[in-house]
Amino acid sequence: MKMVRKAAGAFVAVAVAMLAMAHSASAQAGFGAPKPWQMNFQEPATPVMAEVVSFHNFLTVLITLISLFVLGLLLYIIWRFNAKANPVPSKNSHNTMLEVVWTVIPITILVIMAIPSFRLLYKADVVPDAAKVREWYGINVAGTIDIKAIGNQWFWSYEYPNERIKFDAFCGVGPIEGACFSQDATPKRPRLLATTESVVVPVNALVRLLTVGQDVIHAWAMPAFGVKIDAVPGRTNHAWFVATREGTYFGQCSELCGQGHGYMPITVEVVSQQRYQQWLTSKRAEMAVKNGTQFAAN
Ligand SMILES: [Cu+2]
């Protein structure tokens, strides 16, 4: 039994070390994209995703311990109570104490898991105001921005209603539609992840995201932000994020939406407040040139 305990301890230590290694290996400032042989989540860029990662790590340790405990029991029973070792089986059918213990302990474990789980689900789901973000994460948000993401077969359209900006973002590494498979893909603009136009948001801003489907159900998903929200025709869903690290982040449509589902990625650029203002100015000028668009006409 001592040896089993030692081996279990070593296994847990190795598992924790591997988790830590995977975690530090994925630490690359401000670039959210999957990597070959990636083991863990992408490096979080929002406080919600940071919480998702730490909750996941906590659960991994917990389930590893539980699995090892059950495995230990199983091995002990095989060794101790096989027909050779235990020729006369016990006739016991009840043990009140045991039954109370194996009911109460799992319930306690489930409650320990449920409380942080529901707390996190609530935070991820309810769109907060600036005061709530400060209360939850101690972040003073730099302004609030509304963005509408519209899923189309097979690209995303974006609207910044308060800025009178709207544009389409196609899969591709350059400003040309259909450049999805382009050999021009670079590590900074990965193939099948980069889009012709990026969603640009300032760092530390509270972004309220509205999603809707133009034709079928799509889903706007950004792994580094901990956001995955369906875009359903005839119904507006909402999500939110506060990106606390400048950089470029990639996501994908995450609801099977037809033939081109794999070719409608999402690119979000988190920039400084100053660069955001510059982007707004140039985008507004572009909108004014494109006469006949809904917002420019207003
Ligand atoms: Cu899709």
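The following exercises, with worked solutions, concern a predicted model.

**Exercise 1. Compare the length of helix α3 with the span expected for it, and state how many of its residues are buried.**

Solution.
- Helix α3 covers residues 96-125, which is 30 residues.
- At 1.5 Å a residue, α3 should span 44 Å.
- The end C-alpha atoms of α3 are 42 Å apart, which agrees with the expected span.
- A buried residue has 20 or more other C-beta atoms within 10 Å of its own.
- Of the 30 residues of α3, the number buried is zero, so α3 lies largely in the open.

**Exercise 2. Work out which strands stand at the edges of the five-stranded open sheet.**

Solution.
- The strand order is β4-β3-β2-β6-β9, with mixed pairing.
- β4 (165-169) and β9 (237-242) each have a single partner strand, so each has one side without a neighbour in the sheet and stands at an edge.
- From one strand to the next, the twist averages 25 degrees.
- At the β4 edge, β3 (residues 155-160) is joined to β4 by five bridges, and the two run antiparallel.
- In this pairing, S157 has D168 of β4 as its bridge partner.

**Exercise 3. Decide whether V270 is buried or exposed, and find what surrounds it.**

Solution.
- V270 belongs to strand β11 (residues 265-271).
- V270 has 30 other C-beta atoms within 10 Å; the cut-off for buried is 20 or more, so V270 is buried.
- Beyond its neighbours within four places in sequence, V270 is in contact with A45, V201, V203, A243, R245, E246, G247 and Y249.
- A205 is 65 residues from V270 in sequence, yet their C-alpha atoms are 9.5 Å apart in space.

Notes. Residues numbered from 1 in each chain as written. Predicted model: local features only at pLDDT ≥ 70, side-chain atom pairs only at ≥ 80, totals over all residues. Helix = DSSP H or I, 4+ residues; strand = E, 2+ residues; numbered from the N terminus. Expected span 1.5 Å × (residues − 1). Buried ≥ 20, exposed ≤ 12 C-beta atoms within 10 Å, placed from the backbone. Pairing = 2+ DSSP bridges. Axes fitted to C-alpha atoms, helices over the stretch in contact; angles between N-to-C directions. Contact = placed C-beta atoms within 7 Å.
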